[in-house]
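Work through the exercises below with the sequence and the structure side by side. Each task is followed by a solution in steps.

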Amino acid sequence: MFTVITGAQFGDEGKGKIVDMMASQYDIVARFQGGDNAGHTVVAEGKTYKLHLIPSGVLFDARLLIGPGTVMNPKILMEEIAMLAENGVEVTPQKLGIDAKTSIIMPYHIALDSLRESRRTVKIGTTNRGIGFAYVDKVGRDEIQMSDIAEKNRLIKRLEEIAPQKEAAIKELGGDPGVARSGIEEYLEIGKKLKPYITDVSKEINQALKSGKKVLAEGAQGTHLDIIHGTQKFVTSSSTVAGSACSGLGVGPTKVDRVIGVIKAYITRVGEGPLPTEQKNEVGEHLRDMGGEFGTTTGRPRRCGWFDVPLARKSINLNGYSSMALTKLDVLTGLDPLKLCLEYSLKGKVIDYPPELSDELAGCEPVYLDLPGWNEDISDARDFSDLPDNARLYIELVEELIGMEIEYVSVGPGRVQTFVK
Ligand code: GDP
Ligand code: IMO
Ligand code: MG
C-alpha cells in the first residue's frame, strides 16, 4: 500500500497532524521534496513538535526516510534529532534513513537566497533557507550530495570545482565571498555522524511495497506553491504535487494506491503572491488569531482568507486526490456569515477555474456564497453527528462544490481531534 499526502493550498494545511494521525498504520513514512522550509506541527501527549526535515511519523515505530528529491540542511537535521532526543524520542540509523543522493544545502545557498531576495524588486518572501539555490545546483549538476559530506576527500574535490563560481556569484550580489568555503569542517563532522543513516530510499521502498508493507509519502508546502504548476514566481523550488512523490522517492506511478489532499476550511498563505479571497480585516484577524496562523518556520503572520473553491478544483486535478482531509474547521466557529468563494470575476467574465497566469489570478474578484455560521465549540466533536447543523452543511457544500469526498475532518491540533466523516 502506497499512500501520498500533499497540501492542497499554499502550505500549512495541517499535513503534519494528518501524517501523525495515520502513521501508526504505516511501516515507512517518507519525505520526497522540499527541505527545512517546511514546518510540520505534531501535537501529541501534551507536547508540540515542530518538524522541518524528519517525517511526521517520528512518534511511531515506522521507519523514516528522507528521499533524494529533498534538499537537506544537515545542521537543521542534527538540531531536530537533538530536540527529539531531549523529548525522549531517539532517532537512530535504524529509525531514519537518508538517501545517498540527497542534495545538501550549503552555507552559500543560504547566503545566495537572502542576497538574491534582497535585490528583487518584486519579492517572493522565501523562508531564507537556501532551498531555491540548492535546487538550482541540483539541476545545474553542481550539487553536493549526502554521500559527499560523509567523505572528506569527496567533499574537498567537489568544492574545488564549485567554490570559485559561488565566490563569484556571492561577490556579484555584494555578499562575503568567504561564505563559499565556510562551514566545511562542521559539515564533515556532521557527515561522519550521519554516515550510518545513508541508504537507498527507492530500493527500500520498492522492497517494502513488494513484501506487502505500507508506505506513506509526506508532502511539504502546498499545491499552488508547485514549481511547475503553481503561482509563479511566488512558489517554492520543488514540485509539491502528488506525482512528485513517485519521482522524488523512485517509485513507479502504478504503485500509488491513495492520494490524500489536506485542505483547510479556509485558506492561508505566507510570503508574497496572489490570494484572491484574502481578508485584510477583522475576518482575517479572527482566522489568524483563532487558527494560530503564524509561520512554523519563520514566525511570519500568515495571510488569511475564505475557502477558495476554484483553487481547490485545480488542486484536485493536479494531484488526482482519492479523498481529502478538511482541517481547522473549529477556527470558523464564531464567524457569521461564513463565505465560500464559488468562482471569480475577471475582466467582466465569470470563471470557475483559476487562470493560468499569476497576475490574472491576482486580478480575480471572488464571487461568494454566504452561509450561516455557528457559535458552539466544536473542538470536542468526534463524529460528524456531533457537529452543529451549520457546520455539517458547510462540509457537505464544500464536498459538493469541489466534487470530492471529505474523508477526515479535523477540529483541533490534537491527534484525537479528528474523525472520519
Ligand atoms: P503543515 O505545514 O501542513 O504541517 O501545517 P503547520 O504545522 O505549519 O500548520 C498547521 C497548524 O495548525 C499547526 O499549528 C497545527 O497544530 C494546527 N492544526 C492542525 N489541524 C488543526 C485543526 O483542525 N484545528 C486547529 N485549531 N489547529 C490545527
Ligand atoms: P509547509 O510544508 C507555507 C513559501 C514561502 C515563500 C515561498 C518560497 O510547512 O506547508 P522557499 O523558502 O521555499 O523558497 O519560499 O514558499 N513556503 C511555504 N509556505 N508552508 C510551507 O511549508 C512553505 N515552504 C515554503 O513562504 O512564499
Ligand atoms: Mg507548515
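**Exercise 1. A contact of ligand 2**

Which residue has an N or O atom in its side chain 2.9 Å from an oxygen atom of ligand 2?

Solution. The model is a predicted one.
- Step 1. Look at the side chain of Asn 37: an N or O atom there is 2.9 Å from an oxygen atom of ligand 2.
- Step 2. Place the residue in the chain. Asn 37 belongs to the loop between β2 (28-31) and β3.
- Step 3. Decide how far Asn 37 is enclosed. Its relative accessible area is 11%, and a residue counts as buried under 20%, so Asn 37 is buried.
- Step 4. Look for side-chain partners within the protein. The side chains of Asn 37 and Gln 221 are joined by a polar contact of 3.0 Å. A polar contact of 3.2 Å links the side chain of Asn 37 with that of Thr 236.

**Exercise 2. The surroundings of ligand 2**

Find how many residues surround ligand 2, and name the closest.

Solution.
- Step 1. The count is 20 residues.
- Step 2. The closest are Lys 15, His 40, Thr 127, Gln 221 and Thr 236. Gln 221 and Thr 236 are also the side-chain partners of Asn 37 found in Exercise 1.
- Step 3. Add further polar contacts of the ligand. A polar backbone atom of Val 270 is 3.1 Å from an oxygen atom of ligand 2. For Arg 300, a polar side-chain atom lies 2.9 Å from an oxygen atom of ligand 2.

**Exercise 3. The surroundings of ligand 1**

Which residues come nearest to ligand 1, and which atoms of Asp 12, Lys 15 and Gly 39 lie by its oxygen atoms?

Solution.
- Step 1. There are 20 residues around ligand 1, and Lys 15, Thr 41, Lys 328, Asp 330 and Ser 410 come nearest. Lys 15 is also among the closest residues to ligand 2.
- Step 2. Asp 12 uses its side chain: an N or O atom there is 3.0 Å from an oxygen atom of ligand 1.
- Step 3. Lys 15 uses a polar backbone atom, 2.8 Å from an oxygen atom of ligand 1.
- Step 4. Gly 39 has a backbone N or O atom 2.8 Å from an oxygen atom of ligand 1.

**Exercise 4. Helix α1**

Is helix α1 (residues 15-23) largely enclosed or largely open?

Solution.
- Step 1. List the buried residues of α1: Lys 15, Gly 16, Lys 17, Ile 18, Val 19, Asp 20, Met 21, Met 22 and Ala 23.
- Step 2. Compare with the length of the helix. Nine of its nine residues are buried, so α1 is largely enclosed by the rest of the structure.

**Exercise 5. Two pockets**

Describe the largest pocket and the second largest pocket by volume and lining.

Solution.
- Step 1. The volume of the largest pocket is about 750 Å³. It is lined by 42 residues, and those closest to its centre are Asn 37, Thr 126, Thr 127, Val 235 and Thr 236.
- Step 2. Helix α4 (residues 131-139) contributes the most to this lining, with six residues. By class, the lining of the largest pocket has 13 nonpolar, 19 polar and 10 charged residues.
- Step 3. The second largest pocket holds about 490 Å³ of space. Among its 26 lining residues, Thr 41, Gly 291, Arg 302, Lys 328 and Pro 413 are the closest to its centre.
- Step 4. At least two residues of this lining come from each of α1, β3 (40-44), β4 (47-51) and α10 (282-291). The lining of the second largest pocket divides into five nonpolar, 13 polar and eight charged residues.
- Step 5. Domain 1 (2-98 + 198-259) and domain 3 (264-311 + 327-420) both supply residues to the lining of the second largest pocket, so this pocket lies between them.

**Exercise 6. The cavities**

Where does the largest cavity lie with respect to the domains?

Solution.
- Step 1. There are two cavities of 30 Å³ or more, and the largest has about 70 Å³ of space.
- Step 2. Its lining includes His 224, Leu 311, Lys 314 and Ser 358. The elements that give two or more residues to this lining are α11 (309-319) and α12 (358-362).
- Step 3. Domain 1 and domain 3 both give residues to the lining of the largest cavity, so this cavity lies between them.
- Step 4. Repeat for the second largest cavity, with about 30 Å³ of space. The largest share of its lining, three residues, comes from α11. Both domain 1 and domain 3 line the second largest cavity, so it too lies between them.

How values were computed
Residues numbered from 1 in each chain as written. Chains lettered and ligands numbered in written order. Predicted model: local features only at pLDDT ≥ 70, side-chain atom pairs only at ≥ 80, totals over all residues. Heavy atoms only, no water. 1 Å grid on protein atoms, 1.4 Å probe; cavity = no way out; pocket = protein on both sides within 12 Å on 5 of 7 lines; lining within 4 Å. Points joined across faces, edges and corners; volume = space filled by probe spheres on them. Helix = DSSP H or I, 4+ residues; strand = E, 2+ residues; numbered from the N terminus. Domains from an automatic or database assignment. Buried < 20%, exposed > 50% of the residue type's maximum accessible area, 1.4 Å probe, protein only. Near = heavy atom within 4 Å. Polar contact = N/O pair within 3.5 Å; in protein donor to acceptor, adjacent residues only side chain to side chain. Nonpolar A, V, L, I, M, F, W, Y, C, P; charged D, E, K, R; others polar.
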